[in-house]
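Hello,

Here is the structure I promised to pass on. Please open it next to this email, and my notes follow below.

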Amino acid sequence: MVNADAYDRGFARLSRHTVGPLLARSRSARRLLDVGCGSGVVTEAALALGAVVTAVDADPAMVELTSRRFPGAAVRRAALPELPFDDGEFDAVAGNFIINHVPDTGAALRELRRVLRPGGTLALSWWAAGEMTATAVLSDAMEAAGLASGAPPRPFAADAAPERFAALLAAAGFADAEVESVRWRHRVDLDAWWTDVVGAGGARFGTIGRQPPEVAGRVRAHYERLAAPYARDGFPVCAHIAHARRP
């Protein structure tokens, strides 16, 4: 289980940058599903737009945190590719950095289409792996220290290219699929970034926190060296955002 508060201070702050573009085409949606809600950055924005928000996440700590922070949303535990909703229940579905975690991209997209009404909109974001400096400095620090990541390879890597993902959307029955890229610099205190990302306890970087102090210390020394060039201007990062419509 993830440490939701550390996640909210670290990864959630990073992922806020894409919330505006993610919701740009669903601002008038009445019933919105936030799939893979995490600590609720999309839920918060959608509620502010006046939507009736349902939010789901696989992690019970995230469900508890989002429920507590946003009592105006209906928050429950669920995960793709099986969602506990009726066909056509939502006017819009938004997923901020969840599609890259699913075991089967095609099955997840078909399920998202199922819960959308005809004419409903889908918006999904995922990281451009080669331009994700904010986490690459941690991965590279682990490698330099001889520490293997505890996370298994993600199947989504084969589907992450924008052209490939657009084709998968079409194959799942979506229309008007478009993918845009959003780039920014994530300005953050380097010590806080280390503490919150490692402290979140996820599959990739939670491994560091479970090491003996001397091993974790070696990883941190490499992290400080690799992250130092970004202390002033921030980490350059890039995300892809896909928009599509259920015909």
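Is F97 buried or exposed? F97 counts as buried, because its relative accessibility is 9% and the cut-off for buried is under 20%. Its place is in the loop between β4 and α6 (105-115). The backbone there deserves a look. F97 has a positive phi of about 60 degrees, and it is not a glycine.

Please keep in mind that this is a predicted model.

**The chain overall**

The chain holds 11 helices and 7 strands. Its radius of gyration is 18 Å. A compact globule of 247 residues would come out near 18 Å, so the chain agrees with that expectation. Along the principal axes, the C-alpha atoms fill a box of roughly 55 × 40 × 30 Å. Buried residues make up 51% of the 247 residues.

Contacts come next. Take those with a separation of 6 or more: 78% of them are between residues 24 or more positions apart. The accessible surface is about 11000 Å², and carbon and sulfur atoms account for 51% of that area. On charge, the chain has 28 positive and 28 negative charges. The mean positions of the two sets are 2 Å apart.

**Strand β7 and its partners**

Start with β7, residues 235-245. Of its 11 residues, 9 are buried, so the strand is largely enclosed by the rest of the structure. Two strands that pair with β7 are β5 and β6.

β5 covers residues 116-127 and runs antiparallel to β7, with 7 bridges joining them. To find the register, go to T121: its bridge partner in β7 is R245.

β6 covers residues 175-186 and also pairs with β7 in the antiparallel sense, over 10 bridges. Here the register can be read from V179, which stands opposite A242 in β7. When you follow the side chains, recall that in a regular strand they alternate between the two faces of the sheet.

β6 also holds a backbone oddity. D176 lies in this strand and has a positive phi of about 55 degrees, although it is not a glycine.

Just ahead of β7 sits G234, in the loop between α11 (213-227) and β7. G234 is buried, with a relative accessible area of 2%. Which residues does G234 contact, leaving aside its neighbours within four places in sequence? They are R185, H186 and R187. V188 belongs in the same view: its C-alpha atom is 6.5 Å from that of G234, although the two are 46 residues apart along the chain.

**Strands β1 and β2, with helix α4**

β1 spans residues 31-35. Since 4 of its 5 residues are buried, β1 is largely enclosed by the rest of the structure. It pairs with β2 (residues 52-57) in the parallel sense, over 5 bridges. The bridge partner of L32 in β2 is V53.

V53 comes up again at L47. That leucine is in helix α4, residues 41-48. Beyond residues up to four places away in sequence, L47 touches V53, F70, G72 and A73. L47 and L32 are 15 residues apart in sequence and 9.2 Å apart in space, C-alpha to C-alpha. L47 is partly exposed, with a relative accessible area of 26%.

**Two loop positions**

G10 lies in the loop between α1 (4-9) and α2 (11-15). Is G10 buried or exposed? It is buried, at a relative accessible area of 2%. Setting aside neighbours within four places in sequence, G10 is in contact with W193 and D196. G10 also lies 8.7 Å from W194, C-alpha to C-alpha, with their positions 184 residues apart in sequence.

Where is there a cis peptide bond? It joins L80 and P81, with omega at about 15 degrees. P81 lies in the loop between β3 (74-77) and β4 (90-96).

**Where to look**

For a quick pass, I would start with the pairing of β6 and β7. Then turn to the cis bond between L80 and P81. Finish with the positive phi values at F97 and D176.

Best wishes

Methods:
Residues numbered from 1 in each chain as written. Predicted model: local features only at pLDDT ≥ 70, side-chain atom pairs only at ≥ 80, totals over all residues. Heavy atoms only, no water. Buried < 20%, exposed > 50% of the residue type's maximum accessible area, 1.4 Å probe, protein only. Pairing = 2+ DSSP bridges. Rg over C-alpha atoms; globule rule 2.2 N^0.38 Å. Contact = heavy atoms within 4.5 Å. Areas by Shrake-Rupley, 256 points an atom, 1.4 Å probe, with all protein chains shown as cover. Lys, Arg positive; Asp, Glu negative; His and termini not counted. Charge placed at Lys NZ, Arg CZ, Asp CG, Glu CD.
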